[in-house]
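Thanks for making time for this one. I would like to walk through a single model with you, so please keep the viewer open while I talk.

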Amino acid sequence: MAARKIIIDTDPGQDDAVAILLALASPAELEVLGITAVAGNVPLALTAKNARIICELAGKPDTKVFAGCDAPLTRKLVTAEHVHGKTGLDGPQLPAPQMPLQEQHAVDFIIDTLRAEDAGAVTLCALGPLTNIATALQRAPDIAPKIAEIVLMGGAYFEVGNITPTAEFNIYVDPEAAAVVFKCGTPLTVMPLDVTHKALTTAPRVQAFRDMGTEPGRMVAEWTDFFERFDKEKYGSEGAPLHDPCVIAWLLQPGLFSGRKVNVEIETQSALTLGMTVADWWGVTDRAENALFIGDVDAEGFFALLTERIGRF
Ligand code: BDR
Ligand code: CA
């Protein structure tokens, strides 16, 4: 079977970095048409730089990386240096990237690619705030029916919030963009905190990356060493949740995950619950289903997949 064509929209971030490595390690299944950077964990200049650092680490400097929106649709950017460090990729020292940033704006790349490809040919993988994707949908509504699927990391239901008591970071940063995406009519698969908080690193899982004896293996181990201190302190959990790699793992091995088709609406008004993903998990409204909301993962299988793929570098 031909590889599935994907665009990865991202704000790297250590967990975004692992997701990108997982995709680039899987060319038989995934053809990465481009990586589109968005402002999120850190400002755009850093996410665009980090995306290229990761491609070079993967030995794929020909990957096309585009810079997109530097701020949410209507709000001031909120960043997460408290989780990811000043650079967004704090932990190991990595050289500045040599590969160029593409000249085209990420939003134009998304629009042009979807228009050029057959309907249903391209899947969008969203690992950060949804600003680039929402802007593309607003500017070119004709692309919505051409997208095969949007698979995104964002939101929460039972786990509620990580940046406010009720909101997950990616949705909170740009709730208006999330509302556009959740209303666009394209099939959506959502990896909320409910599932990503089950994809936790442990000492043996991190050691498996370190034992690879390769640069990418060492980087993944050191990134997670850095990144996990935040969740350990906050949740008392054993390790770090690898949020964004769940998106790519879903494309490679959907059988690792389970969830429900539900209606999800985004809170864009309330100061108290801004960015909340109001998921009708129990079907108590007659609002139409618009998303497959994932709730569980086979964590052992997930880490086995990650280790096998990252071990290919
Ligand atoms: C999400 O926010 C970011 O900090 C991570 O990269 C992930 O995409 C988790 O809430
Ligand atoms: Ca991210």
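In helix 11, the buried residues are P245, C246, V247, I248, A249, W250, L251 and L252, where buried means under 20% relative accessible area, exposed over 50% and partly exposed in between, with a 1.4 Å probe and protein chains only. Put as a count, 8 of the 8 residues in helix 11, which spans residues 245-252, are buried, and the helix is mostly covered; helices here are DSSP runs of H or I with at least four residues, strands are runs of E with at least two, and both are numbered from the N terminus.

Before going on, a word on conventions: this is a predicted model, local features need pLDDT of at least 70, side-chain atom pairs count only at pLDDT 80 or more, and totals for chains, interfaces and linings use all residues. Residues are numbered from 1 along each chain as its sequence is written, chains are lettered from A and ligands numbered from 1 in the order in which they are written, and side-chain values use heavy atoms, with hydrogens and water left out.

Now to the metal. The calcium ion, ligand 2, is coordinated at 2.2 to 2.6 Å by OD atoms of D11, D16 and D244, with D16 listed twice, and by the O atom of L127; donors are N, O and S atoms within 2.8 Å of the metal, or 3.2 Å for Na, K and Ca, and water is not among the atoms, so sites may look incomplete. In sequence, the spacing of these donor residues reads D-x4-D-x110-L-x116-D. Because D11 lies in the loop between strand 1 (4-10) and helix 1 (14-24), and L127 in the loop between strand 4 (122-126) and helix 5 (131-139), the pair ties together parts that are 116 residues apart in sequence. Both D11 and L127 are buried.

The loop between strand 1 and helix 1 also holds G13, which is joined to P12 by a cis peptide bond with omega of about 5°.

Which residues surround ligand 1? Among them are D16, L127 and D244, together with H84, E168 and H243, near meaning that a heavy atom lies within 4 Å. An oxygen atom of ligand 1 lies 2.4 Å from a polar side-chain atom of E168, and an oxygen atom of ligand 1 lies 2.9 Å from a polar side-chain atom of D16.

Finally, V160, in the loop between strand 5 (147-153) and helix 6, has a positive phi of about 55° although it is not a glycine.

Technical notes:
A polar contact is a pair of N or O atoms within 3.5 Å; within protein, one must be able to donate a hydrogen and the other to accept it, and residues adjacent in sequence count only if both atoms are side-chain atoms.
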